Amino acid sequence: HGQAIWVANFIADRPGAEAIILHSGHTGDFMTVDAATGTEIARFHHTTVKQRAYPDFPCPVNWTGLDVQSLWIPVDRSIVDGRGNVLAALGELEPRVHEVLQWGNSKSNLAVQALAIDICGDGHDELILYQPYEGRGVFIFTQPDSDGHAKPYRHSKAAYNLRTYF
């Protein structure tokens with residue numbers, strides 16, 4: 001059964017918006033459709049996870065800095081495009097993030113939650129990871145091409161995570 005839907009421009013080489021649908025909520029099957037027509041564009045499954053996990057709390061993130069959104073999938077610990085291609089992942093940082101955030105793999109053992117906002121002012125969203133109950137810290141990830149220099153402050157609209165419901 002369907003669990004969630006995100007609508008944005010998820011595929012750079014297609015005009016208009018797409019919708020990514022978590023169409024099988026307990027197994028992590030995603031489908032991307034044209035938002036205007038409902039025509040299927042792609043299907044993908046979280047495949048990097050080592051055990052079956054509840055794929056809750058995905059989060060749209062403007063990782064590329066273009067007018068294209070990507071989707072953070074917490075059970076994969078990766079950011080994917082609208083076709084399911086991995087754009088970024090925690091990689092070698094995964095053990096450290098797990099140690100601090102104590103994420104779970106089921107609805108009763110809460111997954112990592114995320115908030116995406118442009119903190120650095122460079123037109124890319126940073127990904128803020130936290131676990132509100134068992135976590136002992138917060139991680140903020142930015143793109144590897146960030147120059148690390150201070151940027152002028154640019155006000156962003158209020159950011160909040162509507163998927164936090166535990």
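## Nonpolar cores

In this predicted model, the largest nonpolar core comprises 18 residues, and W72, L127, L129 and F141 are those with the most contacts inside it. At least two residues of this core come from each of β5 (59-61), α1 (94-101), β9 (113-117), β10 and β11 (139-141), with α1 giving the most, namely three residues. A second, separate core of 13 residues includes A8, F10, F30 and I73.

W72 can be followed through its contacts: once residues up to four places away in sequence are set aside, W72 touches F57, P58, C59, V61, R77, S78, I79, L90, A114, L127 and L129. Among these partners, L127 and L129 are also listed with W72 as having the most contacts inside the largest core.

## A buried glutamate in β10

E126 belongs to strand β10, which covers residues 126-130. Because its relative accessibility is 1%, and buried means under 20%, E126 counts as buried. The side chain of E126 reaches the backbone nitrogen of I119 at 2.7 Å.

Apart from neighbours within four places in sequence, the residues in contact with E126 are L115, A116, I117, D118, I119 and C120, together with I140, F141, T142 and Q143; of these, F141 is named among the residues with the most contacts inside the largest core.

## The β7-β8 hairpin

Strands β7 (residues 78-80) and β8 (residues 86-89) pair in the antiparallel sense over three bridges, and V80 stands opposite V86 in β8. The two strands form a hairpin with five residues between them, and in the turn G84 has a positive phi of about 90°. Two residues of β7, S78 and I79, are among those that W72 touches.

Note on methods. Residues are numbered from 1 along each chain as its sequence is written. This is a predicted model: local features need pLDDT of at least 70, side-chain atom pairs count only at pLDDT 80 or more; totals for chains, interfaces and linings use all residues. Side-chain values use heavy atoms; hydrogens and water are left out. Helices (H or I, at least four residues) and strands (E, at least two) are DSSP runs, numbered from the N terminus. Buried means under 20% relative accessible area, exposed over 50%, partly exposed in between (1.4 Å probe, protein chains only). A polar contact is a pair of N or O atoms within 3.5 Å; within protein, one must be able to donate a hydrogen and the other to accept it, and residues adjacent in sequence count only if both atoms are side-chain atoms. Contact means heavy atoms within 4.5 Å. Two strands pair if DSSP finds at least two bridges between them. A nonpolar core is a set of buried Ala, Val, Leu, Ile, Met, Phe, Trp, Tyr and Cys residues joined through side-chain atoms within 4.5 Å.
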